[in-house]
Amino acid sequence: MNDSTFYILTIDALSKECKRLCDFTNELDKNPAEKKKHIAEYKCAKYRYASLSLIHSTVQNNQRCRKAHNLKEYHHLLLPFDEILRKHRDYIAAYDSAPEDEKPDFSLYYAMTAFAQEEIEKLTDNMPLATDWERVELEERLGGFYFAKECLDEAWNNRKEASL
């Protein structure tokens with residue numbers, strides 16, 4: 001099973017942003033004096049990376065496992081993400097009506113979108129009680145999840161044109 005255009009576009013976008021954030025923090029790690037000057041930016045990059053890397057690794061792990069195992073009865077997803085997908089009737093309806101060869105992409109896109117949205121809702125719920133620095137952390141983590149959703153949406157919307 002080859003990787004789909006949707007998967008490749010998603011992983012490429014997420015990987016580039018993860019690399020950009022890691023390059024930034026790794027450079028600061030090499031120079032403690034410079035890191036101390038930019039500690040706020042450093043921490044923000046780490047918080048953003050935490051959210052991005054969660055979506056990135058989850059997409060990769062679902063792809064790896066669906067290649068290695070027959071996950072068709074779980075909508076081509078690992079069970080926890082199948083359970084997230086099943087909460088959304090509209091997503092299941094889109095999956096059910098998709099052509100058979102596109103079902104793995106439909107489930108991956110909709111499950112990851114729903115997963116990211118759940119994470120965004122959890123963080124947003126914590127915002128009213130957050131102190132100043134906690135608010136910054138939540139905002140950066142939210143930014144990472146919103147960026148990941150944008151990557152998923154862009155890959156989804158461009159998958160047909162990119163595969164031509």
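**Close-up 1. Surroundings of the buried residues of helix α1 in the predicted model.** The cover over the buried residues of α1 includes α2 (32-37), α3 (39-68), α6 and α7 (132-162). The residues of α1 that are buried are Phe 6, Tyr 7, Thr 10, Ile 11, Leu 14, Glu 17, Cys 18, Leu 21, Thr 25 and Leu 28. Helix α1 itself spans residues 5-30, and its 26 residues reach 37 Å from the first C-alpha to the last, which is close to the 38 Å expected at 1.5 Å a residue.

**Close-up 2. Gln 63 in helix α3 and its contacts.** Gln 63, which is found in helix α3, has a relative accessible area of 2% and is therefore buried, the cut-off for that class being under 20%. When its neighbours within four places in sequence are left aside, Gln 63 is in contact with Asp 3, Tyr 7 and Leu 108; of these, Tyr 7 is listed among the buried residues of α1.

**Close-up 3. Packing of helix α5 against helix α6.** Helix α5 (residues 89-97) and helix α6 (residues 103-126) pack at an angle of about 170°, with their axes 9 Å apart. Because angles over 145 degrees count as roughly antiparallel, α5 is roughly antiparallel to α6. The crossing in which α5 passes α6 is right-handed.

**Close-up 4. Residues in the contact of α5 with α6.** From α5, Tyr 91, Ala 94, Tyr 95 and Asp 96 take part, and they meet Lys 103, Phe 106, Ser 107, Tyr 110, Thr 113 and Ala 114 in α6. Sorted by class, this contact of α5 with α6 comprises six nonpolar, two polar and two charged residues.

Technical notes. Residues are numbered from 1 along each chain as its sequence is written. This is a predicted model: local features need pLDDT of at least 70, side-chain atom pairs count only at pLDDT 80 or more; totals for chains, interfaces and linings use all residues. Side-chain values use heavy atoms; hydrogens and water are left out. Axes are lines fitted to C-alpha atoms, for helices over the stretch in contact, and angles run from 0 to 180 degrees between N-to-C directions. Helices (H or I, at least four residues) and strands (E, at least two) are DSSP runs, numbered from the N terminus. Angles under 35 degrees count as roughly parallel, over 145 as roughly antiparallel, 65 to 115 as roughly perpendicular and the rest as oblique. A crossing is left-handed if the near helix is turned anticlockwise from the far one by less than a right angle, and right-handed if clockwise. Contact means heavy atoms within 4.5 Å. Ala, Val, Leu, Ile, Met, Phe, Trp, Tyr, Cys and Pro count as nonpolar, Asp, Glu, Lys and Arg as charged, and the others, Gly among them, as polar. The expected span of a helix is 1.5 Å times one less than its number of residues. Buried means under 20% relative accessible area, exposed over 50%, partly exposed in between (1.4 Å probe, protein chains only).
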